[in-house]
Amino acid sequence: MIGAPFPWFGGKSAVASTIWARFGEPKNYVEPFFGSGAVLLARPKIGETETINDKDGFVSNFWRAVKCDPEAVAEHADWPVNERDLAARHWWLLTEGAERLKEIEGNPDHFCAQVAGWWVWGACSWIGSGWCSGRGPWAWGASGWAKHSGNAGRGLNRQLPHLGDAGRGLKRQLPHLGDAGRGLNRKLPHLGDAGRGQFIRDWMHALADRLRDVRVCAGDWSRVCGPVVTHGHGVTAVFLDPPYADTAGRTERLYSTDDLSVAHDVREWAIENGRNKLMRICLAGYDGEHDMPSNWETVEWKARGGFGSQNDDEDGIGRANSARERLWFSPACIVPHRDATLFDLMEIA
(Lines give C-alpha, C1' and ligand atoms only; values in the text may rest on other atoms or scores of the structure.)
Protein backbone atom coordinates (compact mmCIF):
# COMPACT_ATOMS: atom_id res chain seq x y z
CA MET A 1 0.00 0.00 0.00
CA ILE A 2 1.02 3.59 -0.55
CA GLY A 3 0.05 6.76 1.26
CA ALA A 4 -0.60 10.34 0.15
CA PRO A 5 2.49 12.59 0.03
CA PHE A 6 0.85 15.37 2.05
CA PRO A 7 -0.71 15.73 5.52
CA TRP A 8 -4.48 16.05 5.75
CA PHE A 9 -6.59 17.31 8.63
CA GLY A 10 -9.03 14.55 9.60
CA GLY A 11 -7.32 11.82 7.55
CA LYS A 12 -8.50 8.27 8.25
CA SER A 13 -5.34 6.23 7.65
CA ALA A 14 -5.33 5.03 11.27
CA VAL A 15 -8.75 3.44 10.92
CA ALA A 16 -8.76 2.42 7.24
CA SER A 17 -8.32 -1.28 8.05
CA THR A 18 -11.42 -1.14 10.26
CA ILE A 19 -13.40 0.36 7.38
CA TRP A 20 -12.29 -2.27 4.87
CA ALA A 21 -13.01 -5.09 7.31
CA ARG A 22 -16.67 -4.02 7.09
CA PHE A 23 -16.69 -3.14 3.40
CA GLY A 24 -15.12 -6.42 2.28
CA GLU A 25 -14.42 -6.64 -1.45
CA PRO A 26 -17.31 -4.85 -3.17
CA LYS A 27 -17.45 -4.52 -6.95
CA ASN A 28 -17.82 -0.78 -6.70
CA TYR A 29 -16.32 1.86 -4.39
CA VAL A 30 -17.21 5.57 -4.15
CA GLU A 31 -15.50 8.26 -2.04
CA PRO A 32 -17.26 11.66 -2.42
CA PHE A 33 -14.92 13.57 -0.05
CA PHE A 34 -11.53 12.26 -1.13
CA GLY A 35 -9.01 14.60 0.49
CA SER A 36 -5.76 12.67 0.97
CA GLY A 37 -7.40 9.41 -0.11
CA ALA A 38 -6.28 7.44 2.95
CA VAL A 39 -9.11 4.90 2.72
CA LEU A 40 -8.82 4.17 -1.01
CA LEU A 41 -5.02 3.96 -0.85
CA ALA A 42 -5.25 1.49 2.05
CA ARG A 43 -7.60 -0.83 0.18
CA PRO A 44 -6.18 -4.38 0.36
CA LYS A 45 -7.35 -5.32 -3.13
CA ILE A 46 -8.12 -2.98 -6.02
CA GLY A 47 -11.78 -3.08 -7.00
CA GLU A 48 -13.52 -3.40 -10.32
CA THR A 49 -14.91 0.17 -10.36
CA GLU A 50 -13.68 3.04 -8.17
CA THR A 51 -14.83 6.67 -8.19
CA ILE A 52 -13.37 9.53 -6.15
CA ASN A 53 -14.44 13.17 -5.88
CA ASP A 54 -13.42 16.35 -4.08
CA LYS A 55 -14.93 19.81 -4.33
CA ASP A 56 -11.62 21.51 -3.48
CA GLY A 57 -10.05 22.37 -6.83
CA PHE A 58 -6.49 22.10 -5.50
CA VAL A 59 -7.12 18.60 -4.17
CA SER A 60 -8.88 17.41 -7.33
CA ASN A 61 -6.20 18.93 -9.52
CA PHE A 62 -3.45 17.20 -7.56
CA TRP A 63 -4.93 13.74 -7.98
CA ARG A 64 -5.82 14.34 -11.63
CA ALA A 65 -2.33 15.70 -12.40
CA VAL A 66 -0.61 12.82 -10.59
CA LYS A 67 -2.68 10.34 -12.56
CA CYS A 68 -1.96 12.00 -15.93
CA ASP A 69 1.57 13.44 -15.57
CA PRO A 70 3.35 12.21 -12.40
CA GLU A 71 6.79 13.19 -13.75
CA ALA A 72 5.84 16.86 -14.11
CA VAL A 73 4.19 16.95 -10.68
CA ALA A 74 7.33 15.47 -9.11
CA GLU A 75 9.52 18.06 -10.85
CA HIS A 76 7.53 20.96 -9.40
CA ALA A 77 7.24 19.33 -5.95
CA ASP A 78 10.98 18.70 -5.59
CA TRP A 79 12.10 21.90 -3.88
CA PRO A 80 13.82 22.71 -0.55
CA VAL A 81 11.84 24.46 2.20
CA ASN A 82 12.20 28.23 2.05
CA GLU A 83 9.94 30.61 3.95
CA ARG A 84 10.03 33.28 1.23
CA ASP A 85 9.20 30.71 -1.42
CA LEU A 86 6.38 29.43 0.77
CA ALA A 87 4.79 32.89 0.98
CA ALA A 88 5.34 33.64 -2.71
CA ARG A 89 3.97 30.33 -3.93
CA HIS A 90 1.00 30.60 -1.61
CA TRP A 91 0.18 33.99 -3.11
CA TRP A 92 0.64 32.62 -6.64
CA LEU A 93 -1.56 29.57 -5.98
CA LEU A 94 -4.42 31.70 -4.64
CA THR A 95 -4.27 34.01 -7.66
CA GLU A 96 -2.69 32.65 -10.86
CA GLY A 97 -3.02 29.03 -9.70
CA ALA A 98 -6.71 29.45 -8.91
CA GLU A 99 -7.27 30.97 -12.36
CA ARG A 100 -5.66 27.95 -14.00
CA LEU A 101 -8.03 25.63 -12.17
CA LYS A 102 -11.28 27.32 -13.17
CA GLU A 103 -11.68 24.90 -16.06
CA ILE A 104 -11.24 21.74 -13.96
CA GLU A 105 -14.93 21.17 -13.24
CA GLY A 106 -16.11 21.61 -16.81
CA ASN A 107 -13.23 19.93 -18.63
CA PRO A 108 -12.51 16.32 -17.63
CA ASP A 109 -9.04 16.49 -19.21
CA HIS A 110 -7.91 19.73 -17.57
CA PHE A 111 -5.18 19.85 -14.92
CA CYS A 112 -2.08 21.87 -14.08
CA ALA A 113 1.04 19.97 -12.97
CA GLN A 114 2.72 23.14 -11.68
CA VAL A 115 -0.23 23.96 -9.43
CA ALA A 116 -0.27 20.34 -8.23
CA GLY A 117 3.46 20.25 -7.48
CA TRP A 118 3.60 23.60 -5.73
CA TRP A 119 0.42 22.84 -3.80
CA VAL A 120 1.68 19.51 -2.43
CA TRP A 121 5.12 21.01 -1.67
CA GLY A 122 3.46 23.80 0.31
CA ALA A 123 1.05 21.47 2.08
CA CYS A 124 4.05 19.57 3.43
CA SER A 125 5.99 22.71 4.37
CA TRP A 126 3.11 24.61 5.97
CA ILE A 127 2.45 24.34 9.71
CA GLY A 128 -1.14 23.76 10.78
CA SER A 129 -4.29 24.50 8.79
CA GLY A 130 -5.02 27.25 6.28
CA TRP A 131 -2.87 26.23 3.32
CA CYS A 132 -4.55 27.63 0.19
CA SER A 133 -7.80 28.12 2.09
CA GLY A 134 -7.87 31.89 1.60
CA ARG A 135 -8.83 32.27 5.28
CA GLY A 136 -5.67 33.92 6.56
CA PRO A 137 -5.29 37.57 7.60
CA TRP A 138 -5.02 38.57 3.92
CA ALA A 139 -7.59 37.72 1.27
CA TRP A 140 -7.75 38.30 -2.48
CA GLY A 141 -10.64 40.45 -3.64
CA ALA A 142 -11.76 42.51 -6.63
CA SER A 143 -9.29 45.28 -5.76
CA GLY A 144 -6.38 42.96 -4.92
CA TRP A 145 -5.06 41.90 -1.54
CA ALA A 146 -6.98 43.24 1.46
CA LYS A 147 -6.10 42.69 5.09
CA HIS A 148 -8.58 41.31 7.60
CA SER A 149 -8.62 42.86 11.07
CA GLY A 150 -6.52 41.26 13.79
CA ASN A 151 -3.46 39.01 13.54
CA ALA A 152 -1.16 41.99 14.09
CA GLY A 153 -0.27 42.49 10.44
CA ARG A 154 1.16 39.07 9.82
CA GLY A 155 0.74 39.37 6.05
CA LEU A 156 -0.43 36.67 3.65
CA ASN A 157 -1.14 33.76 6.00
CA ARG A 158 2.42 34.22 7.23
CA GLN A 159 3.61 31.08 8.99
CA LEU A 160 6.87 29.35 9.60
CA PRO A 161 7.59 26.44 7.26
CA HIS A 162 7.64 22.94 8.68
CA LEU A 163 11.05 22.58 10.35
CA GLY A 164 10.62 19.18 11.98
CA ASP A 165 12.41 16.12 10.60
CA ALA A 166 15.29 18.30 9.37
CA GLY A 167 12.90 20.69 7.60
CA ARG A 168 12.87 18.62 4.45
CA GLY A 169 9.33 19.46 3.35
CA LEU A 170 7.85 16.85 1.02
CA LYS A 171 10.90 14.62 1.56
CA ARG A 172 10.86 14.71 5.36
CA GLN A 173 9.05 11.36 5.74
CA LEU A 174 8.18 9.11 2.84
CA PRO A 175 6.83 5.56 2.57
CA HIS A 176 8.90 2.83 1.01
CA LEU A 177 8.00 2.47 -2.65
CA GLY A 178 9.85 -0.71 -3.49
CA ASP A 179 7.90 -3.84 -4.32
CA ALA A 180 5.02 -1.98 -5.96
CA GLY A 181 4.44 0.48 -3.12
CA ARG A 182 4.36 -1.91 -0.16
CA GLY A 183 5.91 -0.88 3.12
CA LEU A 184 4.55 2.37 4.52
CA ASN A 185 6.19 5.04 6.68
CA ARG A 186 9.81 4.03 6.17
CA LYS A 187 11.88 7.13 6.87
CA LEU A 188 13.83 8.27 3.81
CA PRO A 189 17.62 8.23 4.39
CA HIS A 190 19.73 11.11 3.14
CA LEU A 191 20.66 10.01 -0.36
CA GLY A 192 21.82 13.32 -1.81
CA ASP A 193 19.80 15.61 -4.03
CA ALA A 194 19.53 13.15 -6.91
CA GLY A 195 18.42 10.31 -4.63
CA ARG A 196 15.68 12.33 -2.95
CA GLY A 197 14.44 13.67 -6.27
CA GLN A 198 14.19 10.15 -7.67
CA PHE A 199 12.33 9.05 -4.57
CA ILE A 200 9.68 11.70 -5.14
CA ARG A 201 9.34 10.68 -8.80
CA ASP A 202 8.96 7.04 -7.78
CA TRP A 203 6.24 7.99 -5.31
CA MET A 204 4.28 10.02 -7.86
CA HIS A 205 4.54 7.22 -10.41
CA ALA A 206 3.32 4.72 -7.79
CA LEU A 207 0.30 6.94 -7.09
CA ALA A 208 -0.33 7.23 -10.84
CA ASP A 209 -0.28 3.44 -11.15
CA ARG A 210 -2.80 3.12 -8.29
CA LEU A 211 -5.09 5.71 -9.85
CA ARG A 212 -4.79 4.23 -13.33
CA ASP A 213 -8.42 3.06 -13.50
CA VAL A 214 -9.89 5.30 -10.79
CA ARG A 215 -12.46 7.84 -12.00
CA VAL A 216 -11.49 11.26 -10.59
CA CYS A 217 -14.36 13.77 -10.28
CA ALA A 218 -14.32 17.39 -9.13
CA GLY A 219 -17.47 18.95 -7.71
CA ASP A 220 -20.32 18.56 -5.24
CA TRP A 221 -20.43 15.25 -3.34
CA SER A 222 -23.96 14.39 -4.45
CA ARG A 223 -22.90 14.15 -8.10
CA VAL A 224 -21.22 10.79 -7.45
CA CYS A 225 -23.87 9.39 -5.11
CA GLY A 226 -26.72 8.63 -7.52
CA PRO A 227 -27.85 5.11 -8.47
CA VAL A 228 -25.89 5.12 -11.76
CA VAL A 229 -22.58 5.68 -9.95
CA THR A 230 -23.36 3.53 -6.89
CA HIS A 231 -25.57 0.42 -6.69
CA GLY A 232 -26.12 0.43 -10.44
CA HIS A 233 -22.76 -1.36 -10.49
CA GLY A 234 -23.84 -3.97 -7.93
CA VAL A 235 -22.59 -4.18 -4.35
CA THR A 236 -21.17 -0.73 -3.56
CA ALA A 237 -19.15 0.64 -0.66
CA VAL A 238 -19.39 4.38 0.01
CA PHE A 239 -17.09 6.15 2.45
CA LEU A 240 -18.49 9.51 3.59
CA ASP A 241 -16.15 11.91 5.39
CA PRO A 242 -17.86 15.31 5.10
CA PRO A 243 -16.77 18.51 6.90
CA TYR A 244 -17.87 18.48 10.53
CA ALA A 245 -21.41 19.72 11.15
CA ASP A 246 -22.40 22.47 13.57
CA THR A 247 -23.53 19.70 15.94
CA ALA A 248 -19.95 18.37 16.19
CA GLY A 249 -18.83 21.12 18.55
CA ARG A 250 -15.85 22.02 16.36
CA THR A 251 -14.56 25.59 16.08
CA GLU A 252 -16.71 27.25 13.42
CA ARG A 253 -13.83 29.43 12.22
CA LEU A 254 -12.39 26.34 10.52
CA TYR A 255 -15.31 26.03 8.12
CA SER A 256 -17.66 28.12 6.03
CA THR A 257 -21.40 28.25 6.75
CA ASP A 258 -22.04 25.97 3.78
CA ASP A 259 -19.54 23.43 5.12
CA LEU A 260 -21.39 23.23 8.43
CA SER A 261 -24.65 22.23 6.71
CA VAL A 262 -23.25 19.66 4.28
CA ALA A 263 -22.88 16.91 6.89
CA HIS A 264 -26.61 17.02 7.68
CA ASP A 265 -27.47 16.40 4.03
CA VAL A 266 -24.89 13.61 3.89
CA ARG A 267 -26.37 11.96 6.98
CA GLU A 268 -29.87 12.00 5.49
CA TRP A 269 -28.56 10.47 2.27
CA ALA A 270 -26.71 7.78 4.21
CA ILE A 271 -29.76 6.81 6.26
CA GLU A 272 -31.99 6.63 3.19
CA ASN A 273 -29.53 4.61 1.11
CA GLY A 274 -28.49 2.47 4.04
CA ARG A 275 -31.77 0.59 3.62
CA ASN A 276 -30.48 -0.79 0.31
CA LYS A 277 -28.82 -4.19 0.77
CA LEU A 278 -26.46 -3.41 -2.09
CA MET A 279 -25.06 -0.38 -0.26
CA ARG A 280 -22.33 -0.64 2.37
CA ILE A 281 -21.97 2.85 3.80
CA CYS A 282 -19.57 4.29 6.35
CA LEU A 283 -20.19 7.78 7.71
CA ALA A 284 -17.36 9.45 9.64
CA GLY A 285 -17.90 12.13 12.26
CA TYR A 286 -17.79 13.08 15.92
CA ASP A 287 -19.58 11.70 18.95
CA GLY A 288 -22.95 13.46 19.17
CA GLU A 289 -22.72 14.85 15.63
CA HIS A 290 -25.08 12.38 13.95
CA ASP A 291 -28.18 10.65 15.27
CA MET A 292 -28.09 7.37 13.37
CA PRO A 293 -30.64 4.50 13.34
CA SER A 294 -30.22 1.78 15.97
CA ASN A 295 -29.39 -0.86 13.34
CA TRP A 296 -26.22 1.03 12.33
CA GLU A 297 -22.99 -0.07 14.00
CA THR A 298 -21.01 2.63 15.83
CA VAL A 299 -17.23 2.28 16.11
CA GLU A 300 -15.20 4.52 18.41
CA TRP A 301 -11.60 5.31 17.54
CA LYS A 302 -8.92 7.80 18.49
CA ALA A 303 -7.16 9.98 15.95
CA ARG A 304 -3.39 10.04 15.97
CA GLY A 305 -0.87 12.62 14.89
CA GLY A 306 -1.55 16.20 13.92
CA PHE A 307 -1.16 19.32 15.99
CA GLY A 308 -4.70 19.18 17.36
CA SER A 309 -4.39 15.71 18.90
CA GLN A 310 -0.83 16.10 20.15
CA ASN A 311 -1.40 19.37 21.96
CA ASP A 312 -4.29 21.42 23.25
CA ASP A 313 -5.13 24.04 20.65
CA GLU A 314 -6.11 27.61 21.47
CA ASP A 315 -9.55 26.40 22.52
CA GLY A 316 -8.05 23.78 24.83
CA ILE A 317 -9.88 20.84 23.22
CA GLY A 318 -7.34 19.31 20.84
CA ARG A 319 -6.62 16.13 22.78
CA ALA A 320 -10.21 15.68 23.90
CA ASN A 321 -11.46 15.85 20.32
CA SER A 322 -9.09 13.11 19.18
CA ALA A 323 -11.07 10.63 21.30
CA ARG A 324 -14.45 11.74 19.92
CA GLU A 325 -14.00 10.24 16.46
CA ARG A 326 -16.78 7.88 15.34
CA LEU A 327 -17.61 5.68 12.37
CA TRP A 328 -21.18 4.60 11.63
CA PHE A 329 -21.69 1.52 9.42
CA SER A 330 -24.91 0.72 7.60
CA PRO A 331 -26.73 -2.63 8.15
CA ALA A 332 -25.41 -4.20 4.93
CA CYS A 333 -21.79 -3.86 6.05
CA ILE A 334 -19.94 -6.99 7.11
CA VAL A 335 -19.77 -7.67 10.83
CA PRO A 336 -16.20 -8.79 11.67
CA HIS A 337 -15.81 -12.33 13.03
CA ARG A 338 -19.30 -13.24 11.82
CA ASP A 339 -19.72 -16.35 9.71
CA ALA A 340 -20.12 -15.38 6.06
CA THR A 341 -23.65 -15.44 4.72
CA LEU A 342 -24.68 -16.47 1.22
CA PHE A 343 -25.06 -12.77 0.36
CA ASP A 344 -21.46 -12.06 1.46
CA LEU A 345 -20.16 -14.90 -0.67
CA MET A 346 -22.04 -13.59 -3.71
CA GLU A 347 -20.87 -9.97 -3.32
CA ILE A 348 -18.40 -10.07 -6.21
CA ALA A 349 -20.34 -12.48 -8.42
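## Overview

Helices, of at least four residues, and strands, of at least two, are runs assigned by DSSP and numbered from the N terminus. By this definition, the protein chain holds twelve helices and nine strands. The model described here is a predicted one.

The protein chain has 349 residues, and buried residues make up 50% of them. Among the contacts in the chain with a separation of 6 or more, 71% are between residues that lie 24 or more positions apart.

## The sheet

Seven strands form an open sheet with mixed pairing, in the order E5-E2-E1-E6-E7-E9-E8. The edges are taken by strand E5 (214-217) and strand E8 (297-300); each has a single partner strand, so one side of each lacks a neighbour in the sheet. From one strand to the next, the twist averages 15°. In general, the strands of a sheet pair through backbone hydrogen bonds, and the pairing is either parallel or antiparallel.

Both kinds of pairing can be found here. Strands E1 and E2 run parallel and are joined by four bridges; within this pair, Asn28 has Thr49 of E2 as its bridge partner. E2 also pairs with E5 in the parallel sense, again over four bridges, and Glu50 stands opposite Val214 in E5. By contrast, strand E7 (residues 279-286) and strand E9 (residues 325-329) run antiparallel, with five bridges between them. Gly285 stands opposite Arg326 in E9.

Helix H1 (residues 16-23) lies across several strands, namely E1 (28-31), E6 (236-240), E7, E8 and E9. The helix runs at about 155° to E7.

## A buried strand

How many residues of strand E2 are buried? A residue counts as buried when its relative accessible area is under 20%. Five of the five residues of E2 (residues 49-53) are buried, so this strand is largely enclosed by the rest of the structure.

The residues of E2 point in two directions: Thr49, Thr51 and Asn53 one way, Glu50 and Ile52 the other way. All of them are buried, whichever way they point.

## Helices and their contacts

Two packed helices are described by the angle between their axes and by the distance between the axes. For helix H5 (residues 83-100) and helix H6 (residues 113-125), the axes come within 10 Å and cross at roughly 140°. This angle makes H5 oblique to H6, and the crossing of the two is left-handed. The residues of H5 that meet H6 are Asp85, Leu86, Arg89, Trp92, Leu93, Gly97 and Arg100. On the side of H6, the residues are Gln114, Val115, Trp118, Trp119, Trp121, Gly122 and Ser125.

Helix H3 (residues 57-68) contains Asn61. Is Asn61 buried or exposed? With a relative accessibility of 0%, Asn61 counts as buried. Apart from neighbours within four places in sequence, Asn61 is in contact with Leu101, Ile104, Phe111, Cys112, Val115 and Ala116. One of these, Val115, is also among the H6 residues that meet H5.

## Salt bridges

The structure holds twelve salt bridges. One of them joins the side chains of Glu25 and Lys45, at 3.9 Å from N to O. This pair links distant parts of the chain, 20 residues apart: Glu25 is in the loop between H1 and E1, and Lys45 is in the loop between helix H2 (38-41) and E2. Glu25 is partly exposed, with a relative accessible area of 37%. Another salt bridge is formed by the side chains of Asp213 and Arg212, at 3.0 Å from N to O, and both Asp213 and Arg212 are exposed.

A further salt bridge connects the side chains of Arg326 and Glu300, at 3.9 Å from N to O. Arg326 belongs to strand E9 and Glu300 to strand E8, so the pair ties together parts that are 26 residues apart in sequence. Arg326 counts as buried, at 9% relative accessibility, whereas Glu300 counts as exposed, at 61%. In addition, Arg43, Glu50 and Arg210 are joined into one network by salt bridges that share partners. Glu50 of this network is a buried residue of E2.

Notes:
Residues numbered from 1 in each chain as written. Predicted model: local features only at pLDDT ≥ 70, side-chain atom pairs only at ≥ 80, totals over all residues. Heavy atoms only, no water. Pairing = 2+ DSSP bridges. Axes fitted to C-alpha atoms, helices over the stretch in contact; angles between N-to-C directions. Contact = heavy atoms within 4.5 Å. Buried < 20%, exposed > 50% of the residue type's maximum accessible area, 1.4 Å probe, protein only. Salt bridge = Lys/Arg side-chain N within 4 Å of Asp/Glu carboxyl O. Parallel < 35°, antiparallel > 145°, perpendicular 65-115°, else oblique. Left-handed = near helix turned anticlockwise from the far one by under 90°.
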